Amino acid sequence: AIWGLYLVTVQHASVRQPSLTAAALDDAVDPAPPAVEEPDESVGWPAAFKENWPTFRGLGGLGSAHGADPPTTWDGNAGEGILWKAEVPRRGFSSPVVWKNRVFLTGADANIREIYCYDADTGELLWTADAEDVPGTPDEPPAVADDTGYAAPSVAVDGDRVVAIFATGVIVAHDFDGRRLWARHLGTPDNHYGHSSSLLIFNDMVFVQFDHFGGSQLKALELETGRTRWNRPRTSDISWASPILIEVEDRMLLILAAAPMVAAYDALTGEERWSNNVLSGEVGSSPTYANGRVFAANIYAQAVSLDASTGETHWETSQLELPDAASPVATDRFLFLPTSFGVFSCVDVTDGSVVWEQDFDTGGYGSPVLVEDRIYWVTSDGVTRIFKASENFELIAESPLGEPSVSTPAFVDTRIYIRGEKHLFCIGGP
């Protein structure tokens, strides 16, 4: 009864506890990465991460749904196949993240930045927590583009904590009941569109790709306290891509894409393992990985395949339509490349040759997700295009949400969670 009363008190409340002081987290000069360590038993993903959707594009940020068996047909206009839909209080371009019976989103405007926690079974908004009153936060928020906003990065979760970052440079951690654990200001990103790189969690760290004109960095913060575990300065340009995390030769490597390079860092120490200058322009598309190969692509540049161990180039090509915001996904045979203008390409991973191209007329900013032998791609009109991940294009279904969408869906078991323009949708059975 006491536990039930406690839950009632936190539901629908704006939950905030005092932030740790700036002095408690002070690292104006972030520590350098520690000496290189030998790989240890902490390599590899815990089973619980594989069973949930812990970050943008799922496990490791790779755009692949493990063990999911979602439906292929629904109609949001008619309510068919929709388990529930819930209003999202504030605008945002972050994508849903799911852990068991909790779904997390962020929303923001120029006045306030918020985290939302929904019941995955009912769609009830359980709590709202803000990211305000953090020492160092600018009095005036930075200018951002309308199609980026203040809440573009997706959160990351580990079963106990949810960590969010906003365009102001504030990063904040809450527990699953909405209590603030820590918060800090990393510096206001100098970014003419707005900060959009999503977070990743591994072991007891949360990783931040902080590429901006003010000095690009890759940071590892302690999950428990928010203190900097290590910080790696980068020579890259500004970017809007998100990191991925892969296991290579008994090491966990963070892979980052930002002009002019794709680079790999040891997740435990921050040591740069390799770097290859193969990109240019404004990089918004995140890399992906399959079968020992790292893939990256960017409009007005090229698509590349790199050896995950060494960074050596396997092939590079610009003889196809390339992504500008949405990110690719790969299998051991094919690389799939979306665009915001509707052309979707399938490429042979061995040589970069185009296998097929399909023009959907409408593209989007949401990234495709690989589910077994199918690809789910939500385009900006809110229609999910579902087709075979094979050498021949085969359309399975086109299922409407009922409102526009620019996010990437989350897949857990038989359910799909999609953020629309105004609502969060749950598709699938009870």
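This passage describes the fold of a predicted model, from the whole chain down to single residues.

The secondary structure of the chain comprises 2 helices and 34 strands. With a radius of gyration of 20 Å, close to the 22 Å that the globule rule gives for 430 residues, the chain is as compact as a globular protein of that length. Along the principal axes, the C-alpha atoms occupy a box of roughly 55 × 55 × 45 Å. Of the 430 residues, 60% are buried. Among contacts between residues at least 6 apart in sequence, 56% link residues at least 24 apart. The exposed surface of the chain amounts to about 16100 Å², of which carbon and sulfur atoms supply 46%. The chain carries 28 positive and 61 negative charges, and the mean positions of the two sets are 5 Å apart.

Strands of a sheet pair through backbone hydrogen bonds, in either the parallel or the antiparallel sense. One open sheet in the model contains 5 strands in the order β2-β28-β29-β30-β31, and its pairing is mixed. The edges of this sheet are formed by β2 (64-65) and β31 (395-400); each has a single partner strand, so one side of each is left without a neighbour in the sheet. Within the sheet, β29 (residues 374-378) and β30 (residues 383-388) are antiparallel and share 5 bridges. Isoleucine 375 has phenylalanine 387 of β30 as its bridge partner.

A second region of interest is centred on strand β34 (residues 423-427). Here 5 of the 5 residues are buried, so the strand is largely enclosed by the rest of the structure. The side chains are divided between two directions: His423, Phe425 and Ile427 point one way, whereas Leu424 and Cys426 point the other way. Strand β34 pairs with β3 (residues 82-87) in the antiparallel sense over 5 bridges, and in this pairing isoleucine 82 stands opposite isoleucine 427. Strand β34 is also paired with β33 (residues 415-419), again antiparallel, over 4 bridges. Isoleucine 427 recurs in this second pairing, as the bridge partner of isoleucine 416. Strands β33 and β34 form a hairpin, with 3 residues between them.

Strand β33 also contains arginine 419. The relative accessibility of arginine 419 is 3%, and the residue therefore counts as buried, the cut-off for this class being under 20% relative accessible area. Arginine 419 and aspartate 147 are 272 residues apart along the chain, and their C-alpha atoms are separated by 15 Å.

Strand β25 (residues 334-337) is likewise covered on both faces. Phe334 and Phe336 lie on one side and Leu335 and Leu337 on the other, and all four positions are buried. Strand β24 (residues 329-330) is joined to β25 by 2 bridges in an antiparallel arrangement, with valine 329 opposite phenylalanine 336. These two strands form a hairpin in which 3 residues lie between β24 and β25. Strand β25 is further joined to β26 (residues 343-348) by 4 bridges, and these strands also run antiparallel. In this pairing, leucine 335 stands opposite valine 347 of β26. The hairpin of β25 and β26 has 5 residues between its strands, and in its turn glycine 342 adopts a positive phi of about 115°.

Several loops show distinctive backbone geometry. The peptide bond that joins alanine 259 and proline 260 is cis, with omega at about 10°. Proline 260 belongs to the loop between β17 (251-258) and β18 (261-266). Positive phi values also occur at residues other than glycine, including lysine 100, where phi is about 55°. Lysine 100 is located in the loop between β4 (97-99) and β5 (102-108) and is exposed, with a relative accessible area of 62%. Asparagine 203, which is not a glycine either, has a positive phi of about 55°. Asparagine 203 lies in the loop between β12 (200-202) and β13 (205-210) and is partly exposed, its relative accessible area being 34%.

Definitions and conventions:
Residues numbered from 1 in each chain as written. Predicted model: local features only at pLDDT ≥ 70, side-chain atom pairs only at ≥ 80, totals over all residues. Heavy atoms only, no water. Pairing = 2+ DSSP bridges. Rg over C-alpha atoms; globule rule 2.2 N^0.38 Å. Buried < 20%, exposed > 50% of the residue type's maximum accessible area, 1.4 Å probe, protein only. Contact = heavy atoms within 4.5 Å. Areas by Shrake-Rupley, 256 points an atom, 1.4 Å probe, with all protein chains shown as cover. Lys, Arg positive; Asp, Glu negative; His and termini not counted. Charge placed at Lys NZ, Arg CZ, Asp CG, Glu CD.
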